[in-house]
Amino acid sequence: MRKKPKKQLMVFSGRAHPGLAQEIAALIGTELVPTSAYNFANGEIYVRFEESVRGSDAFVIQSHAAPLNEAIMEHLIMIDALKRASAKRITVVMPFYGYARQDKKHRGREPISARLMADLFKTAGADRLIIVDLHTDQIQGFFDGPVDHLMAQPVLSDYVSAKYGHEDLAVVSPDAGRIKVAEQWSKRLGGVPLAFIHKTRDINQPNQAVANRVVGEVKGRVCILVDDMIDTAGTITKAADALMADGAKDVVIAATHAILSPPAVERLRECSAREVIVTNTLPIDPENEFEGLTILSIAPLISAAIKEVFEDGSVTSLFGGRA
């Protein structure tokens, strides 16, 4: 007896960033599956889904927000629950991939934690990953399965183009390692000039960098300073100040992931940037919002990718064939 396969899309969310998950589900045209989740007295996490998931195409959304390790563990437990409840395919949606900065060894006896993360999710039962703006592209190769690497650049650059397109612009990378990303930004903004900040970093001190000098012509231009994440904001604010000291007309910071670890908010408030543009891949507490901060939603991009995966379409088509 043959039965025509029936596909059922189900969307699940952890507790780290439910607002984003609800927005994604609404754009897809569905609702989040009711879930019971709580912590035992000793910190152990319990998760149970309140509906049958047998045979479903499951999309499990969890951004690895602080407390990061708890968010990751909850994500893994959700995947394990789906696997043991006979979900047909489990796609892990990570708007922010925890430990992505630990993608290689700088010194002896260090871990490559980004690889460990990929192994953990594969072992838990993930069949596929959907991720937004990895720290480095090579992390895609750490996971033994399909990885859809979404880019927030179209979301950010469209906003920048609409608001600042009439100005004389320059795209600036905060370091030489992200020049390729800055080149893509330049193309989307009509071929504006490129520059980068020459900086040095002490590998023994995390979140510490020195902006030495600006390489490129920025005088009299509105500089779009682009990066993948803002953690303590030390690097990005020093770069903004260096650009202004070099004669830039104004600085606009654009980044995908607003981690905003203390004292990031104070640094961003006090720095010389006109505007700080981020997406909502991570939750931003109301007390961390400030004048000049613009938060753009990443939900339309993620929901479009989920639809393409579910319908066996092309995620690459969302980026003009470049993803």
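These are numbered notes on a predicted model of one chain.

1. Overall make-up. The chain contains 8 helices and 14 strands. Its C-alpha atoms occupy a box of roughly 75 × 40 × 40 Å along the principal axes. The radius of gyration is 21 Å, which agrees with the value near 20 Å that a compact globule of 323 residues would have.

2. Burial and contacts across the chain. Of the 323 residues, 49% count as buried. Among contacts with a separation of 6 or more, 64% are between residues 24 or more positions apart.

3. Annotated binding site. The UniProt entry, which is unreviewed, gives a "binding site" annotation to Asn42, Gly43, Glu44, Arg101 and Gln102. These residues span 61 residues in sequence, and the farthest two of their C-alpha atoms are 29.4 Å apart, so they do not all gather at one spot. Anyone reading the annotation against the model should keep that separation of 29.4 Å in view.

4. Glu44. This annotated residue sits in the loop between β2 (35-39) and β3 (45-49). Is Glu44 buried, exposed or partly exposed? Its relative accessible area is 47%, so Glu44 counts as partly exposed. Once neighbours within four places in sequence are set aside, Glu44 is in contact with Tyr38 and Asn39.

5. Arg101. Also covered by the annotation, Arg101 belongs to the loop between β5 (89-94) and α3 (113-124). Arg101 is partly exposed, and its relative accessible area is 39%.

6. Packing of α2 and α3. Two packed helices are described by the angle between their axes and the distance between the axes. For α2 (residues 68-84) and α3, the angle is about 25 degrees and the axes are 8 Å apart. Angles under 35 degrees count as roughly parallel, so α2 is roughly parallel to α3. On the α2 side, the residues that meet α3 are Ile72, His75, Leu76, Ile79, Asp80 and Lys83. The α3 side supplies Met117, Leu120, Phe121, Thr123 and Ala124. By class, this contact of α2 with α3 has 7 nonpolar, 2 polar and 2 charged residues.

7. Cis peptide bonds. Most residues other than glycine have a negative phi, and most peptide bonds are trans. The bond from Ala66 to Pro67 is cis, with omega near -5 degrees. Pro67 is in the loop between β4 (57-61) and α2. Pro262 and Pro263 are also joined by a cis peptide bond, with omega of about 5 degrees. Pro263 is in the loop between β12 (250-258) and α7 (264-270). A colleague checking backbone geometry can look at Ala66 to Pro67 and at Pro262 and Pro263.

8. Positive phi at Asp133. Asp133 is not a glycine, yet its phi is positive, at about 45 degrees. The residue is in the loop between β6 (128-132) and β7 (147-150). Is Asp133 buried or exposed? With a relative accessible area of 16%, Asp133 is buried, because the cut-off for buried is under 20%.

9. Positive phi at Ala233. Ala233 is another residue other than glycine with a positive phi, here near 70 degrees. It lies in the loop between β11 (222-230) and α6 (234-245). Ala233 is buried, with a relative accessible area of 5%.

10. Thr237. This residue is in helix α6. Its relative accessibility is 7%, so Thr237 counts as buried. Which residues does Thr237 contact, leaving aside its neighbours within four places in sequence? They are Arg267, Leu268 and Cys271.

11. Asn280. The loop between β13 (275-279) and β14 (293-296) holds Asn280. Its relative accessible area is 13%, so Asn280 is buried although it is in a loop. Not counting residues up to four places away in sequence, Asn280 touches His17, Leu20 and Glu23. The same count also includes Ile295, Leu296, Ser297, Ile298 and Ala299 as residues that Asn280 touches.

Key
Residues numbered from 1 in each chain as written. Predicted model: local features only at pLDDT ≥ 70, side-chain atom pairs only at ≥ 80, totals over all residues. Heavy atoms only, no water. UniProt positions renumbered as here; feature names shortened; annotations may be inferred. Helix = DSSP H or I, 4+ residues; strand = E, 2+ residues; numbered from the N terminus. Buried < 20%, exposed > 50% of the residue type's maximum accessible area, 1.4 Å probe, protein only. Contact = heavy atoms within 4.5 Å. Axes fitted to C-alpha atoms, helices over the stretch in contact; angles between N-to-C directions. Parallel < 35°, antiparallel > 145°, perpendicular 65-115°, else oblique. Nonpolar A, V, L, I, M, F, W, Y, C, P; charged D, E, K, R; others polar. Rg over C-alpha atoms; globule rule 2.2 N^0.38 Å.
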